[in-house]
Amino acid sequence: MIEHRTLRVALLGAGSVGSQVARLLLDNTDELSERAGARLELAGIAVRDVNAPRDVELPQELLTTDAHELIVGADIVIELMGGIEPARTHIIEALQSGADVVTGNKALLASHGAEIFDAADQVGASVSYEASVAAAIPILRPLKDSLAGDHVRRIFGIVNGTTNYILDRMDREGADFDEVLADAQALGYAEADPTADVEGHDAAQKAAILASLAFHTNVPLEAVHCEGIASIDAAAIENAKNAGYVIKLLATCEQLPGEGADGEAISVRVYPALVDREHPLASVRGGNNAVYVEAAAAGPLMFYGAGAGGRETASAILGDVVSAARRHIAGGVGIGESARGDRPVAPIGRITTRYQITLDVADKQGVLATVANILSDGGVSIARLEQTIAEDETGANRARLVIGTHRAREQALSDTVENLAASDVVVRVVTVLRVEGE
Ligand code: NDP
Ligand code: HSE
């Protein structure tokens, strides 16, 4: 039997993810220690309230409210508190004391990543964060290591489990938004403040992390275009279904070629979009995620699996812990970030995609011609048009137009939608959704 060196592991947080990490670490200590080449000793678990009820049974003597005391003397610190403070302070303190850090905190990395990676570089420690994007799915290590010799052109997919769970149940069962959000919270998918999921901020943080790694550049969170799913109601889901689509919250990171006065740039964006029901992304159910990566030499790659959930995410955290332990005993500097440039991030107006515009218009002669002229004047070409007649609340006939466009530039499209909204014949613009994945 080989006598292993003991590494002290401090865990900060015992919520949905932290409690599962603790349980798996305690249950599988021997096996994980063999793989790591060092005995992994869970030294303690910092929480806000040591008496709070927990779904997972944990040894009471390991719980403490003193994170600082736990960090001092730890070899590996796992941060699973979430949020910016005190997580940021604890991570910096851990790195400065020579510990390696493992975290799933995308909110912190997307906003304070540079500061944290600098602090790690200064002492030669490592910061691992596989769980921060798409939870259990190994996606960051492939981007950082396996694809380091290739050129990533585009990343595209579903990176938020909560919103996928909500949209999927609304689509399949006609379920009510608030009810399914409560279920997603009970399943441990949602952030402590679920508006981060619903408003797209969680997906935007993940998109910033993905784009930074894929394009070897700094992507400030503020540069990520972000729209959430709060405006997606039962009617929008039904309209999408009738037109052969499903609505998914998508994150896209892509390179844009130089065009006219616009130089080369990257686009990083999150919004709900229509996806053809036959597209593989349409069949991503529940809290799962799916991410496509298109690289110059490798071609298209797809990563799929659990995008949220305590036990699933714990798998990615423990993978990082084993790697950090190996590095800790082998010595040498931590695996740093690749060299990062400052590539410009294009405004949303520069992207080109297809759209579906739903309008309520007056049911009278000449309306279609007026709508078609406004679209044509804006440089937006119609690919498909459907009209249905229904009575409005006053009993008058009202026409609903669903217009599918050919590819158009976002700026031209949004200017045209403004002109449609201002026109006498348009009663209201019901929805404007981008069509992706074709
Ligand atoms: P939870 O809200 O369930 O748990 C947070 C834990 O941190 C709780 O145990 C809480 O203590 C503790 N905590 C919070 N603030 C403090 C503080 N100031 N001092 C001491 N302890 C504190 O979060 P999750 O487990 O869901 O998420 C943790 C991290 O993992 C987040 O960064 C999240 O974004 C990320 N993540 C989550 C995934 C998921 O599916 N849930 C997936 C991928 C990443 P107490 O229990 O006493 O309240
Ligand atoms: N709240 C996040 C989600 C957790 O729903 O995707 C995983 O990062």
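**View 1. The shell around ligand 1 mixes nonpolar, polar and charged residues.** The split is 9 nonpolar, 9 polar and 5 charged. Here Ala, Val, Leu, Ile, Met, Phe, Trp, Tyr, Cys and Pro count as nonpolar, Asp, Glu, Lys and Arg as charged, and the others, Gly among them, as polar. This is a predicted model, where local features need pLDDT of at least 70, side-chain atom pairs count only at pLDDT 80 or more, and totals for chains, interfaces and linings use all residues; side-chain values use heavy atoms, without hydrogens or water. Residues are numbered from 1 along each chain as its sequence is written, with chains lettered from A and ligands numbered from 1 in the order in which they are written. Ligand 1 is surrounded by 23 residues, each with a heavy atom within 4 Å of it. Ala14, Asp49, Arg54, Glu191 and Gly309 are the closest.

**View 2. Oxygen atoms of ligand 1 pair with protein atoms.** Look for a backbone N or O atom of valine 17, 2.9 Å from an oxygen atom of the ligand. Lysine 106 offers a side-chain N or O atom, and the distance to a ligand 1 oxygen is 3.0 Å. At glycine 309, a backbone N or O atom is 2.7 Å from an oxygen atom of ligand 1. On its own, ligand 1 exposes 910 Å², and the protein buries 85% of that. These areas come from the Shrake-Rupley method with a 1.4 Å probe.

**View 3. Polar atoms surround ligand 2 at glycine 161, glutamate 191 and aspartate 197.** An oxygen atom of ligand 2 lies 2.7 Å from a polar backbone atom of glycine 161. Glutamate 191 has a side-chain N or O atom 2.7 Å from a nitrogen atom of ligand 2. For aspartate 197, the distance between a side-chain N or O atom and a ligand nitrogen is 2.8 Å. Alone, ligand 2 exposes 250 Å², of which the protein buries 94%. Helix H7 (161-173) and helix H10 (201-215) each give two or more residues to this shell. Helices are DSSP runs of H or I with at least four residues, and strands are E runs with at least two, numbered from the N terminus. The shell has 3 nonpolar, 4 polar and 5 charged residues. Its members include Lys106, Asn160, Thr162, Tyr189, Asp202 and Lys206.

**View 4. Glutamate 191 sits in a loop.** The loop runs between helix H8 (177-186) and helix H9 (195-198). UniProt, in an unreviewed entry, places the feature "binding site" at this residue; such annotations may be inferred rather than shown by experiment. Glutamate 191 counts as partly exposed because its relative accessibility is 28%. The classes are buried (under 20%), exposed (over 50%) and partly exposed in between, with a 1.4 Å probe and protein chains only. Its side chain makes a polar contact with the side chain of lysine 106, at 3.1 Å. Such a contact within protein is a pair of N or O atoms within 3.5 Å, one able to donate a hydrogen and the other to accept it; residues adjacent in sequence count only if both atoms are side-chain atoms. Beyond neighbours within four places in sequence, glutamate 191 is in contact (heavy atoms within 4.5 Å) with Lys106, Ala196, Asp197 and Asp202.

**View 5. Lysine 206 lies in helix H10.** UniProt puts the feature "active site" here, again from an unreviewed entry. Is lysine 206 buried or exposed? Lysine 206 counts as buried, because its relative accessibility is 3%. Setting aside neighbours within four places in sequence, its contacts are Lys106, Ser132, Val133, Ala134, Val159 and Asn160.

**View 6. Threonine 103 belongs to strand S5.** The strand covers residues 100-103. Threonine 103 is buried, with a relative accessible area of 1%. A polar atom of its side chain lies 3.0 Å from the backbone nitrogen of asparagine 105. Its contacts beyond four places in sequence include Glu79, Ile91, Val127, Tyr129 and Ile317.

**View 7. Phenylalanine 303 comes from strand S12.** The strand spans residues 299-306. Phenylalanine 303 is buried, at 16% relative accessibility. How many residues separate phenylalanine 303 and valine 291 in sequence? They are 12 residues apart in sequence, and their C-alpha atoms are 5.1 Å apart in space. Among the contacts of phenylalanine 303 beyond four places in sequence are Ile137, Pro138, Ile139, Pro142 and Val293.

**View 8. Histidine 90 is in helix H4.** The helix covers residues 87-96. Histidine 90 counts as buried, at 12% relative accessibility. Leaving aside neighbours within four places in sequence, histidine 90 touches Leu12, Ala67, Ile71 and Met81.
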